[in-house]
Amino acid sequence: MQSCRTVAVIPARHASTRFPGKPLAIIAGRTMIEHVWRRCQEAQAFDEVWVATDDDRIRAAVEGFGGKAVMTSPACATGTDRVAEVALGRPDIDIWVNVQGDEPLVDPAALQRLAGLFQDASVRMGTLVRPLEADEAASPHVVKAVLALNGDALYFSRSLVPHAREPGTPVQRWGHIGLYGYRREVLLSLAKLAPTPLEDAEKLEQLRALEHGIPIRCAKVTSHTVAVDLPGDVEKVEALMRARGG
């Protein structure tokens with residue numbers, strides 16, 4: 001077992017084709033970015049929690065609720081690139097966790113599980129999976145994960161995998177939760193690599209790591225995350241918050 005300094009970074013950009021200003025959307029009286037930040041704090045798994053943005057409005061909002069924001073380049077193409085830019089200037093931090101800024105219901109216990117993967121010194125990159133539900137099998141919007149016996153990811157796909165050739169064959173299928181942890185050198189390396197063929201085909205950024213031989217350890221959880229992609233999703237999340245008691 002080893003003790004690692006761990007930082008959570010929440011990438012947040014104001015520009016969005018489908019939902020401009022999404023991080024500042026008000027959900028149950030707070031901005032979405034504040035909900036995500038608070039859940040990272042509740043996890044008690046991180047030495048620091050930062051919001052990485054290229055927009056002064058988001059920076060001001062984060063500082064307004066007592067959070068810490070760091071300005072990153074508008075040229076960052078992905079959230080991973082934004083986290084890597086922050087990590088570049090912090091060689092003192094061992095583990096970096098990329099927390100999606102549009103999932104205000106992210107489970108603090110799941111964040112603990114993700115950060116906890118790195119207590120194993122052999123883990124270079126980590127993510128989360130949950131049991132796949134029957135009604136998600138045909139949906140390309142729900143990413144499926146296939147795991148090795150040690151919990152490392154064998155593959156991620158929008159298709160239903162693995163395929164059970166014999167009807168009735170019992171097989172455990174996993175849905176992927178798009179949260180990632182990295183050792184610093186892996187994060188910086190990935191950010192420099194060009195997109196790979198399977199990544200381009202599936203439009204799944206994590207396949208870049210697998211195609212370059214970087215193992216991804218998966219922690220199994222039961223919780224679901226609910227992403228806010230469109231303005232109409234705000235009402236759905238508020239209803240879930242009321243149902244869960246906050």
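Where is Arg 82 found? Arg 82 sits in helix H3, which covers residues 79-88, and the views below start from there. Please keep in mind that this is a predicted model.

**View 1. Arg 82 and its surroundings in helix H3.**
With a relative accessible area of 3%, Arg 82 is buried. Setting aside neighbours within four places in sequence, the contacts of Arg 82 include Pro 11, Ala 12 and Arg 13. Ala 52, Thr 53 and Asp 54 also touch Arg 82, as do Thr 72, Ser 73 and Cys 76.

**View 2. Strand S1, with residues of strands S4 and S6 as bridge partners.**
Two of the contacts of Arg 82, Pro 11 and Ala 12, bring us to strand S1, residues 6-12. Here 7 of the 7 residues are buried, so S1 is largely enclosed by the rest of the structure. In a regular strand, side chains alternate between the two faces of the sheet. Both faces of S1 are covered: one side carries Thr 6, Ala 8, Ile 10 and Ala 12, and the other carries Val 7, Val 9 and Pro 11. S1 pairs in the parallel sense with strand S4 (residues 48-53) over 6 bridges, and Val 9 has Trp 50 as its bridge partner in S4. S1 also pairs in the parallel sense with strand S6 (residues 95-98), over 4 bridges. Look there for Trp 96 in S6, the bridge partner of Val 7.

**View 3. Strand S8 and its antiparallel pairing with S9.**
Strand S8 takes in residues 144-147, and both of its faces are covered. Lys 144 and Val 146 are buried on one side, Ala 145 and Leu 147 on the other. S8 pairs with strand S9 (residues 153-157) in the antiparallel sense over 4 bridges, with Leu 147 opposite Ala 153. The two strands form a hairpin with 5 residues between them. In that turn you will find Gly 151, which has a positive phi of about 95 degrees. S8 has an antiparallel pairing with strand S10 (residues 174-183) as well, over 2 bridges. There, Ala 145 has Trp 174 of S10 as its bridge partner.

**View 4. The largest pocket, to which S10 gives the most residues.**
This pocket holds about 1800 Å³ of space. Its lining is made up of 50 residues, and those nearest the centre are Gln 100, Asp 102, Glu 103, Gly 178 and Asp 229. The elements that give two or more residues are S1, H3, strand S7 (125-131), S10, helix H5 (184-192) and helix H7 (207-211). S10 contributes 5 residues, the most to the lining. By character, the lining divides into 20 nonpolar, 15 polar and 15 charged residues.

**View 5. The aromatic pair of Trp 37 and Phe 65.**
The structure holds 2 aromatic pairs. In the one shown here, the ring centres of Trp 37 and Phe 65 are 5.2 Å apart and the planes stand at 50 degrees, so the pair is tilted. This pair links distant parts of the chain, 28 residues apart. Trp 37 belongs to helix H1 (residues 32-43), whereas Phe 65 lies in the loop between helix H2 (56-64) and strand S5 (68-71). Trp 37 counts as buried at 13% relative accessibility, and so does Phe 65 at 16%.

**View 6. Leu 230 in the loop between strand S11 and helix H8.**
S11 covers 217-220 and H8 covers 233-244. Leu 230 counts as partly exposed, at 38% relative accessibility. Leu 230 and Phe 19 are 211 residues apart in sequence, yet 5.6 Å apart in space, C-alpha to C-alpha. Not counting residues up to four places away in sequence, Leu 230 touches Arg 18 and Phe 19.

Key: Residues are numbered from 1 along each chain as its sequence is written. This is a predicted model: local features need pLDDT of at least 70, side-chain atom pairs count only at pLDDT 80 or more; totals for chains, interfaces and linings use all residues. Side-chain values use heavy atoms; hydrogens and water are left out. Rings of Phe, Tyr and Trp (its six-membered ring) pair if their centres lie within 6.5 Å; planes under 30 degrees apart count as stacked, over 60 as edge-to-face and the rest as tilted. Buried means under 20% relative accessible area, exposed over 50%, partly exposed in between (1.4 Å probe, protein chains only). Contact means heavy atoms within 4.5 Å. Two strands pair if DSSP finds at least two bridges between them. On a 1 Å grid over the protein atoms alone, a cavity is a set of points where a 1.4 Å probe fits but cannot get out, and a pocket is an open set with protein on both sides within 12 Å along at least five of seven lines; lining residues have an atom within 4 Å of a point. Grid points are joined across faces, edges and corners, and a volume is the space filled by probe spheres set on the points. Ala, Val, Leu, Ile, Met, Phe, Trp, Tyr, Cys and Pro count as nonpolar, Asp, Glu, Lys and Arg as charged, and the others, Gly among them, as polar.
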